[in-house]
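Reader: Before we discuss any labels, please show me the model, and then let me ask how each of them is justified.

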Amino acid sequence: MSDREAQIEAFLAQAGWAKASRTPVPGDASTRRYERLTLNGTAAVLMDAPKGAEAPSEPEGASIEDRRALGYNALARLAGPNIEAFACIAHALSQRGFSAPQIYAADMEAGLMLLEDFGQDVYAKVIAQDAADERPLYEAAVDTLAAIYRSTFPQVLSYRDTTWRVRDYDEAALLAETDLCLDWFAKDFGKSFEGDARSEFYALYADSFQYLEAHADGLCLRDFHAENLFWLPVRDGISNVGLIDFQDGLFVHPAYDLMSLITDIRRDVSRDLKDHLIARFCDRAGIKDDVDFRAAYAVLSDTARNEIARLSSARRSEIWKAAIPGIAPAREASFN
């Protein structure tokens, strides 16, 4: 038995789940690992996020150069190996009536948490089984986003004796996603962006970020899409959408999570439904659906595509690229 497995078993024993059956479940793009636990007919999810398994997050008081030296997690303001971020944001969401997983047990230092299991009804799966569910599920998700935007969240969140400061999605973090495109995807087309060329690319994006100042920032969960949302129809109102994978949340323009939801490359959403959802979000959030909001939405959409481009290139897989046909042609055209 490995030292890590012994640590997990001790954690589960202390939580009263030593005799639970354990089944690995697919994780995300991070170093976190998940297991579904079952004990006497009750289910839970184990999050295994060992400290030191990935690059550090941004320390307090770090300059942009400090963040750049520490690596992508710090520069992009990702939570990295800190499950404190998940716990504190989950607690803040739950306090406001949103369905974040309940935390049954946690060992922050060990990087272990036992969480509520939302079940199997992931948005993407439910919609794949019945296309008629797409519109009402997306409307429920948009209503949840609007309610999050209307809610007030302090910068410093807490869970028991743990705190986490939610940072702003600043220009350095936004440009870090641009770097992913330049450092990875551009090379697939024999292009190099260094020196003046990179500075010019940065300047183009930096100019566009002015459109993000038209509205007050709100809490964005940052990975808000159909494979990170659970349909919980037995719950009422905004609590019928189960939320996960929000530990990297930041304060940014309210279009960010809306864009993540309806321009998700993993599934197509019709233009008519996209327009309906944008209008619905603005109505529910108390924002005017005008050229300013649409411009900010477009800027954030293009910035997000830079990160997606890096993922497709980093995997070096034509199969993966075939799954996202809208990304490669758009980026290839921009390099020619």
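Reader: How do the residues lining the second largest cavity divide into nonpolar, polar and charged?

Author: In this predicted model, the lining of the second largest cavity divides into four nonpolar, three polar and five charged residues. Among the residues that line this cavity are Glu 58, Arg 77, Arg 165, Arg 167 and Asp 248, and Asp, Glu, Lys and Arg are the residue types that count as charged. The volume of the second largest cavity is about 70 Å³.

Reader: What makes this space a cavity, where a 1.4 Å probe fits, and not a pocket?

Author: A cavity is a set of points where the probe fits but cannot get out, whereas a pocket is an open set. The search of the whole structure finds three cavities of 30 Å³ or more, and the largest has a volume of about 80 Å³.

Reader: Which elements each supply at least two residues of the lining of the largest cavity?

Author: Helix 6 and strand 8 (218-220) each do so; the lining includes Leu 145, Ile 148 and Tyr 149, as well as Gly 218, Leu 219 and Cys 220. The residues of this lining divide into eight nonpolar, two polar and one charged.

Reader: Why is Glu 139 called buried?

Author: Glu 139, which is found in helix 6 (residues 134-150), has a relative accessibility of 15%, and buried means under 20%, so Glu 139 counts as buried. Leaving aside neighbours within four places in sequence, Glu 139 is in contact with His 276, Leu 277 and Arg 280.

Note on methods:
Residues numbered from 1 in each chain as written. Predicted model: local features only at pLDDT ≥ 70, side-chain atom pairs only at ≥ 80, totals over all residues. Heavy atoms only, no water. Helix = DSSP H or I, 4+ residues; strand = E, 2+ residues; numbered from the N terminus. Buried < 20%, exposed > 50% of the residue type's maximum accessible area, 1.4 Å probe, protein only. Contact = heavy atoms within 4.5 Å. 1 Å grid on protein atoms, 1.4 Å probe; cavity = no way out; pocket = protein on both sides within 12 Å on 5 of 7 lines; lining within 4 Å. Points joined across faces, edges and corners; volume = space filled by probe spheres on them.
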